[in-house]
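Here is a short briefing to read alongside the structure. Take a moment to look it over, and then follow the points below by topic.

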Amino acid sequence: MSRDAVDQIFVSVKRLLLSPLAHLPAWLIQIVSSLINIAALLGVFLTLFAAMSVLERKILGRMQNRYGPNRVGPFGLLQPVADGIKMLIKEDVVPARADKVVHFLAPILIAAAAILALGVIPYGRNMTPFAIDGGILFFFAVGSATELGVFMAGWGSNNKFSMLGAMRAIAQMFSYELPLIITTIPVVMIVGSLVPDQIVAAQSSFWFVFTPWGATAFILFFVSGLVESNRTPFDVPEGESEIVAGHMTEYSGFKYATFFLAEYIGMFAVSGLAVTLFLGGWHAPIQSLDFVPSYLWFFAKLSFLLFVYIWVRGTLPRIRVDQMMNFAWKFMLPMSFACIVAAAVWHFTGRGWFSWLWSLGVLAVVYVALSILLDTKRKFAPRTYRFAE
Amino acid sequence: MLSIFLLISAAFFSIGLLAALSRRHAIFILIGIEMMLAAASLNFVAFWRFGPSPHQPTGVMIAIFAIAIAAAEAAVGLALVIAVYRHYRTTSVDQLDQLKG
Amino acid sequence: MNTAALAIIAIFTLSAALAAATLPKLMHAALMFAAAFVGLAAFFFLLSAEFLGLVLVFVYVGAVAVLIVFTILLTRHDLEKDRGFNLSGIIVAIAVFIGLAIAIFKTGSLPVVTPEIPTLTVKQIGAALMTDYVWPLQCVGILLTAALIGALILVIEEKK
Amino acid sequence: MNHWIASNLWLIPATPIVVSLLILNLPKSARSPAAGFAILGQIGALALSILAFFATSQMAGLQTVRNFTWLTFGNNALRLGWLLDPLASAMLVMITVVGLCIFIFSTGYMAEDRNFKRFFAYLSFFSGAMLGVVLANSLLLLFVFWELVGLASYLLIGFWIERPTAAAAAKKAFITTRIGDMGFFLGLLWLYHRSGTLLFYDSGSGCLENAALNSLGVAATFIALLIFCGAVGKSGQFPLHVWLPDAMEGPTPVSALIHAATMVAAGVFLVARVYPIFSVGAINGVTPSLEVVVWIGVVTGLMAALIAVAQSDIKRILAYSTVSQLGLMMVSLGVGGVAAGIMHLLAHGFFKALLFLGAGSVIHGLHHEQDIRKMGGLRRLMPITFVTYAIGMMALSGVPLLFSGAWTKEEVLHATSIWPRSHLPHYLMMAGVILTALYMTRQVIYIFFGNRGPASEGAHESPPVMTWPLVALAFGTITLSVVLTPAWPWLHDFLIGKQARFDFAHLIEPAVFTSLMLVLIGIGLGIVLYRGVAAENRLRPIEVDPFQAAQPALFRFLQNKMWIDEFYRGSVLRWSKALSRVSDWLDRNCWDGIVRGFGWLGQLFGIFTTGVDERGINAGVDETTSGARGLGRLFANAHSGQIQTYLGVIAIGMLALLLLYAWLA
């Protein structure tokens with residue numbers, strides 16, 4: 001089997017599946033093709049979800065000097081199956097005074113939005129499920145529906161903890177959506193396209209993360225992504241010690257599982273987009289490693305990012321709400337704008353070594369200025385403690 | 001084909017008008033106005049798509065600007081609703097008929 | 001397929017819009033409003049203006065709908081009172097619809113032949129925005145900034 | 001002709017307006033930059049105006065026009081333009097010089113105000129708008145600047161917005177002038193309809209040139225009268241003069257600016273500018289429209305002068321005197337003495353600014369006391385103010401030889417005396433001159449002479465930044481008397497476009513002696529009347545004013561005086577007292593009421609008809625009144641404040657349009 005055949009194996013399989021339908025009208029073929037895509041996406045990512053849930057617990061366990069789940073199946077690998085069964089057979093409790101319809105629709109909307117966002121990411125050479133013009137915009141457009149879903153969950157539960165959690169979640173998602181979107185602008189600007197495939201194609205020779213603006217934007221994007229998926233250290237919306245479980249307080253059983261699923265899928269989607277935008281998508285790091293199929297590269301990078309997610313979770317404590325907001329508006333946002341400027345400088349000074357330095361200079365100036373400014377205003381100063389006597 | 005889109009847009013517009021005219025809550029009026037604006041955008045795009053010169057993106061441009069302005073309008077309108085609610089403790093437009101405050 | 005899609009989307013959009021206009025609970029109406037705009041975005045896709053559809057979803061579902069539900073939340077003590085429904089509005093709305101329909105059917109200035117489907121990429125839109133429409137673009141930018149500041153000032157709590 | 005300034009006329013109004021916008025964007029604490037920018041802007045405008053003034057004399061036909069296309073719709077183009085002629089250039093110099101003095105004065109007068117920056121922004125704006133009025137070569141452009149002047153006056157009169165009276169005065173000024181502007185606008189539209197252009201001069205096809213004027217025909221009278229409505233409002237002519245005294249609520253420099261250089265001058269200027277329309281079809285220099293101008297001017301001039309005699313607020317006296325002088329100018333324009341009227345406007349600009357700034361200095365020195373009955377003996381406390389104020393007073397009264405007002409007043413009187421229609425205006429204006437001298441004498445005696453009044457304690461001379469403009473204006477007033485002297489009437493001839501020549505014979509014309517006589521009578525009368533006031537012990541405010549009717553002692557005093565003086569003068573005084581009361585009453589109850597709105601008028605009408613009803617003469621009128629009220633209520637109901645009702649009405653309107661469209665399609 002040639003290298004190309006391995007690389008394109010999924011494309012070929014799909015073509016094979018569609019070939020008996022060739023005589024049907026075009027629109028029908030399109031629908032079937034879309035269904036195949038959807039099935040493949042769901043299959044892959046639900047598996048990944050299951051794997052992730054157990055791996056996360058195991059890795060966290062290792063980091064905290066304990067064993068993770070190790071009872072079900074070999075090395076506890078069947079743990080997600082057990083969890084799933086438990087969730088499915090649990091009683092679905094809906095509060096008596098809840099807004100039933102909204103309460104019911106909220107998890108569905110969130111999960112749907114998260115899964116939709118997966119559709120525009122190129123997973124390998126010729127492996128973009130839905131190649132639409134303006135795919136990046138599509139990603140953010142459907143992603144923004146998540147906020148509505150969170151709000152519905154909070155409101156529909158008719159519970160103060162839920163409402164508080166939803167408010168916190170929306171506030172932080174809104175705040176960090178700005179850096180998230182703005183840090184994609186340098187990439188879009190340099191490539192000149194909103195199509196993910198073209199963005200990946202533009203990174204065939206080098207990845208954007210290896211430019212000063214790209215690296216900065218990537219870090220900002222990654223942090224914003226952490227917030228968007230409500231991961232530690234930004235998990236205040238569901239901070240157990242304060243507000244039970246935030247907007248998910250009144251959910252149980254399968255609905256709760258759906259929330260959980262949506263959270264993980266969202267995490268996959270944001271990481272996938274980060275890979276596409278900054279880490280060269282399905283490209284190999286160097287030409288000679290091209291023999292490994294493209295989708296493997298993609299999932300390797302994705303797995304690495306997911307590992308970092310877990311790593312961060314195992315390392316950092318939760319951040320206070322006001323610190324988080326200050327960080328978003330006073331540091332992240334100006335830095336994202338600086339990235340745009342740095343990218344423009346990089347482009348217009350010729351994309352060479354000198355432009356690399358120029359661009360770095362711009363970012364350094366902004367970073368230093370912001371640090372001085374914010375430090376003198378004592379925005380991020382260490383906390384002082386006062387003790388009772 | 002064009003007239004079908006225009007009809008749909010007209011229906012959407014009328015529903016927006018219905019919301020703006022018959023509901024007493026200020027937020028409904030805003031919702032209605034947003035719908036009417038969006039219906040107008042739909043019209044613009046339909047005229048661009050089926051119009052004589054679809055290579056000039058005039059209709060789309062107007063729709064983009066209309067959406068931007070509608071967003072601004074919604075932000076200010078909702079802020080007004082909140083401010084009014086704080087002052088009068090009501091959002092019913094029936095009771096908000098004084099210019100003096 | 002197009003006709004079928006059109007019919008489905010039209011029914012979905014218009015019923016969502018109707019629900020948004022008539023549902024007694026404000027929160028449901030706001031969510032239906034978001035649904036109606038998703039439908040409207042689908043129309044834009046059918047009209048091969050994908051970018052516009054995405055922007056519509058982005059702005060209305062992502063921002064305006066959330067703003068509306070937030071406003072509902074902040075003014076929710078007012079929600080309990082029953083407001084009733086102004087029936088004369090229905091008559092006027094139906095009359096306007098009939099008037100529009102008559103105007104659409106009777107007009108002679110609509111193009112008869114359907115031209116080829118225009119292709120409008122995001123790139124073209126961007127180029128147009130930065131060349132022919134740069135002044136309106138700047139003005140809209142200023143307008144949005146002004147709206148942002150204005151809205152902030154309106155809702156800032158007055159210091160006692 | 002090819003003078004640089006002639007092709008860049010727009011710079012003159014643009015300079016202060018740009019400066020104003022600049023100042024508005026400064027931070028509130030930037031007080032001295034604000035004043036500095038404003039004064040620099042005014043100096044710039046002054047320099048440009050002087051350039052323009054000298055350029056005018058070198059121009060062929062003494063006139064230059066720069067037209068440009070503003071809007072194109074279809075085959076029509078709306079054209080605007082700038083015009084520089086002797087009239088405009090003389091006005092330019094006057095406005096900028098007087099304006100500069102007022103600006104400098106304001107830096108002292110407003111020094112403690114919180115909104116110092118805003119004040120200078122408005123002031124610059126005001127000046128710029130007025131310069132625009134002067135330079136416009138299109139009735140439309142003139143109207144635009146005219147309205148900007150109105151806006152600026154509104155902002156400035158109501159500058160101390162925290163005072164309810166100031167806010168009310170600002171509103172009153174704005175609304176009253178708006179009534180006149182309505183007429184102006186109608187006249188403008190009519191003129192456009194008839195002549196197809198609003199450009200004044202457009203190489204033969206402008207609306208003030210023969211071709212267009214001939215086509216106007218009978219409509220010219222009505223157009224002229226409609227345009228005159230605007231001038232009536234702006235220049236405070238009867239019956240729209242009510243706003244002018246109230247405008248005293250603004251800071252004193254604003255009053256000075258309104259009364260001297262900008263606002264009220266605009267009306268007189270407008271009439272002078274569109275004079276050709278007024279004189280279409282003139283027989284012997286008389287047209288129906290000019291006759292109206294004359295009589296309005298006469299009524300205004302006399303009425304205001306009479307009122308001024310009975311006032312006790314330092315600024316109000318000056319305000320009525322302005323109204324009266326404006327009446328005089330209108331009369332002059334009406335009888336054909338355009339140059340005389342404009343010269344009086346220019347001279348008046350200087351000395352009225354001087355008087356107002358002097359009043360401002362007094363008010364400032366007395367810690368915002370404006371009642372002249374509480375003043376007194378300031379002659380020694382505020383010597384510079386006194387001397388300059390006296391110069392201004394003599395110029396306004398028309399003391400000949402050294403003071404500019406005399407020559408111009410004499411010219412105006414001369415012009416009225418040769419009016420073929422009637423001699424009544426001439427005599428009435430002579431009475432006005434006497435009254436002017438009288439009330440100015442009264443004021444000066446009250447303020448500066450005699451013993452110190454209760455408010456004079458602790459009075460001090462104003463700082464140099466305020467006295468220097470006074471000195472400069474006083475100097476200007478005296479210099480102007482040389483410029484305006486009839487022996488070498490170059491300004492007069494400059495305005496009408498002739499070469500001037502020396503002729504000392506003009507100095508001994510009988511008219512000169514007549515006016516001298518009049519002034520002496522007025523001042524003498526004043527001194528005689530108010531000598532007693534000066535001699536009184538002033539530690540308490542004076543209550544026994546010769547004109548206060550309520551005091552029986554005052555009556556005796558008055559009657560004794562009348563026995564000593566000629567009976568004629570005595571009756572004039574009585575008449576003036578009665579008339580001033582009537583005018584005052586009219587002011588309060590009638591003209592004010594009209595201005596306040598038609599609802600009030602309806603009420604008056606209702607009261608009137610009730611009276612008629614009670615006598616059983618006409619029962620039906622009552623029905624009419626209630627019908628009118630019902631109609632009003634009907635309209636009021638439409639303004640329910642219910643947004644949805646409005647929306648519904650809009651929707652129904654749209655529906656109607658749609659159906660109309662569908663029906664036509």
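Of the 389 residues in chain A, 41% are buried. This is a predicted model, so please read the values below as computed from it. The points that follow begin with chain A and move on to the nonpolar cores and a helix pair between chains B and C.

**Chain A**
- Chain A has 16 helices and zero strands.
- When contacts in chain A between residues at least 6 apart in sequence are considered, 76% of them link residues at least 24 apart.

**Nonpolar cores**
- The largest nonpolar core contains 205 residues, and D:Cys101, D:Val133 and D:Ala353 have the most contacts inside it.
- Helix H16 of chain D, residues 338-365, is the top contributor to this core, giving 17 residues.
- Another core lies apart from that one and has 189 residues; among them are A:Met173, B:Val60, C:Leu26 and C:Leu120.

**Helix pair between chains B and C**
- Helix H2 of chain B (residues 26-50) and helix H2 of chain C (residues 26-46) have axes that come within 11 Å and cross at roughly 5°.
- Angles under 35 degrees count as roughly parallel, and H2(B) and H2(C) are therefore roughly parallel to each other.
- On the H2(B) side, the residues that meet H2(C) are B:Ile27, B:Phe28, B:Ile31, B:Ala38, B:Leu42 and B:Val45.
- Their partners in H2(C) are C:Leu26, C:Ala29, C:Phe33, C:Phe37, C:Leu40, C:Phe43 and C:Phe44.
- Sorted by class, the contact of H2(B) with H2(C) has 13 nonpolar residues, with no polar and no charged ones.

Key:
Residues numbered from 1 in each chain as written. Chains lettered and ligands numbered in written order. Predicted model: local features only at pLDDT ≥ 70, side-chain atom pairs only at ≥ 80, totals over all residues. Core = buried A, V, L, I, M, F, W, Y, C linked by C-beta atoms within 7 Å. Buried ≥ 20, exposed ≤ 12 C-beta atoms within 10 Å, placed from the backbone. Helix = DSSP H or I, 4+ residues; strand = E, 2+ residues; numbered from the N terminus. Axes fitted to C-alpha atoms, helices over the stretch in contact; angles between N-to-C directions. Parallel < 35°, antiparallel > 145°, perpendicular 65-115°, else oblique. Contact = placed C-beta atoms within 7 Å. Nonpolar A, V, L, I, M, F, W, Y, C, P; charged D, E, K, R; others polar.
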